[in-house]
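Biologist: I'd like to go over the disulfides in this one. Can you put the model up?

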Amino acid sequence: IEANPDLCGILEDNVAKHRPNSWSECSAVCDEDGGLFSFVAGKPNVVGGNPDFMTQSYKKRFKIDASAAVQVPCARMSNLMTKAGRSMHSADFLSLDVGGAEEFVLNATNISAFKLILVETIMDESRRTRIGDMMRRAGFVKILFGPLSKIMYSEVFVRQDKMVNFPVPENENTISASSHLS
């Protein structure tokens, strides 16, 4: 799913060429169908999003000009997943990087439809805390150890019912049990 009109064509070409069993959507995610979402691309054109959700430091860092925003279509995540006869009601993984609107998108998404969610958290501490609280209320646990805990600028959450515990050897300098996906 790509909201940036300049990048959506590239995504569609790459999906058609390299992922023939996949699909792409030129849309933003919001809590209504047939809605519009304000979008602006930064410099370089690999970052962007709705300027209303961006911190001032993010806008400055990526040279976001809010006056250059365009309106892009948006829809509920569940409807994008089932659009055009697709029966995708759940997925293993959601990678969410939407220029500061991560909390907005999570609120507009049935997050329990996913097993593992990576959320970019290059945002202020209060938003990061609200996202963590939202994920916990939805039955997710933040990965604190291992390779998934070391993804720069992101936090990874796994749905609790998809975790298993196993003992860690006595000589490990860590907690007594570690969690992994089942």
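Modeller: What follows covers the disulfides, their place in the chain and their burial. This is a predicted model, where local features need pLDDT of at least 70, side-chain atom pairs count only at pLDDT 80 or more, and totals for chains, interfaces and linings use all residues. Residues are numbered from 1 along each chain as its sequence is written, and side-chain values use heavy atoms, with hydrogens and water left out.

Biologist: How many disulfides does the structure hold?

Modeller: There are 2, a disulfide being a pair of cysteine sulfur atoms within 2.5 Å. With the bonded cysteines numbered in sequence order, the pairing is 1-2, 3-4.

Biologist: How far apart are the sulfur atoms of Cys8 and Cys26?

Modeller: They are 1.6 Å apart. The S-S torsion of Cys8 and Cys26 is about -95°, so this disulfide is left-handed. Cys8 sits in helix H1 (residues 5-18) and Cys26 in the loop between H1 and strand E1 (28-29), 18 residues apart. Helices (H or I, at least four residues) and strands (E, at least two) are DSSP runs, numbered from the N terminus.

Biologist: And the link of Cys30 and Cys74, left-handed or right-handed?

Modeller: Right-handed, with 80° about the S-S bond. Cys30 is in the loop between E1 and strand E2 (35-41) and Cys74 in strand E4 (residues 70-75), so the pair ties together parts 44 residues apart in sequence. The sulfur atoms of Cys30 and Cys74 are 2.1 Å apart.

Biologist: Different topic: is Cys26 buried or partly exposed?

Modeller: Cys26 is partly exposed, at 34% relative accessible area. Buried means under 20%, exposed over 50%, partly exposed in between (1.4 Å probe, protein chains only).

Biologist: What about its partner, Cys8?

Modeller: Cys8 is buried, at 3%. Cys30 is buried at 2%, and Cys74 is buried at 4%.
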